[in-house]
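Here are some short exercises to work through with the model open beside you. Try each task before reading its solution.

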Amino acid sequence: MQKIILSLCFIVALSAAASAQSFSLGGKVGANLGKVDGQRFKDGYNFGYVLGAYAELGISKTIAIQPELLFSQTNTTYKDSSDIILSKPGDKVHLNYLNIPVLLNINAGKLLTFQLGPQFSVLMNKDQKLGDEITDAFKGGDVAAVLGAQLNVGVLKVYGRYNIGLNNISDVTNSDKWKSQAFQFGLGIKIL
């Protein structure tokens, strides 16, 4: 299913590129304040990072498509669960994702851009363990909705966005649902 969705996004990006009135490429770096919602994890956002590249395909003066390729890290802490002890309370969990957001940019003037769209993520360290008994505790991918804003200052882009996971990322049977959430803040620079 994820391959089909990624293929559709690629086709949409290619068709947007073919009809684009403007085109630019750039790099991004920032902070990822993420968490995994679920009874087994401590509540609260933890610091990670995000690094990658973007392309912006202008369709008109107010609308653009912005596909991105980002490496992001989500960190969380395991807490004790009453039904099954999978790991020791306080153990850290590090999830490294390759994120592919495909955002619709809506320009509200030269300075401000609103962004929204889907994000498809591939878990790079799928063999993440929770204790000795459970390997492959997390599914290999995630789908999220993205909503954010970006300030455009010359070649610099200062952005903030909220990502909310739409599917269960737990690959453990008899488990509560685990969903991702993240606030991302960062800086982009237009290269081309």
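**Exercise 1.** Which residue in β8 is the bridge partner of I164?

Solution. A word on the input first: this is a predicted model, where local features need pLDDT of at least 70, side-chain atom pairs count only at pLDDT 80 or more, and totals for chains, interfaces and linings use all residues. Residues are numbered from 1 along each chain as its sequence is written, and side-chain values use heavy atoms, with hydrogens and water left out.

- Step 1: take strands β7 (residues 156-165) and β8 (residues 179-190), which pair in the antiparallel sense over nine bridges. Strands are DSSP runs of E, at least two residues, numbered from the N terminus; two of them pair if DSSP finds at least two bridges between them.
- Step 2: look across from I164, and the partner in β8 is Q181.

**Exercise 2.** Place this pair of strands in the wider fold.

Solution.

- Step 1: follow the order β1-β2-β3-β4-β5-β6-β7-β8, in which eight strands close into a barrel with antiparallel pairing.
- Step 2: add the geometry; neighbouring strands of this sheet are turned by 25° against each other on average, direction ignored (axes are lines fitted to C-alpha atoms; angles run from 0 to 180 degrees between N-to-C directions).

**Exercise 3.** Is N163 buried or exposed?

Solution.

- Step 1: find N163 in strand β7.
- Step 2: its relative accessible area is 4%, so N163 is buried (under 20%; exposed is over 50%, partly exposed in between; 1.4 Å probe, protein chains only).
- Step 3: list contacts (heavy atoms within 4.5 Å); not counting residues up to four places away in sequence, N163 touches Q119, A145, V146, S180, Q181, A182 and Q184.

Definitions and conventions. Helix = DSSP H or I, 4+ residues; strand = E, 2+ residues; numbered from the N terminus.
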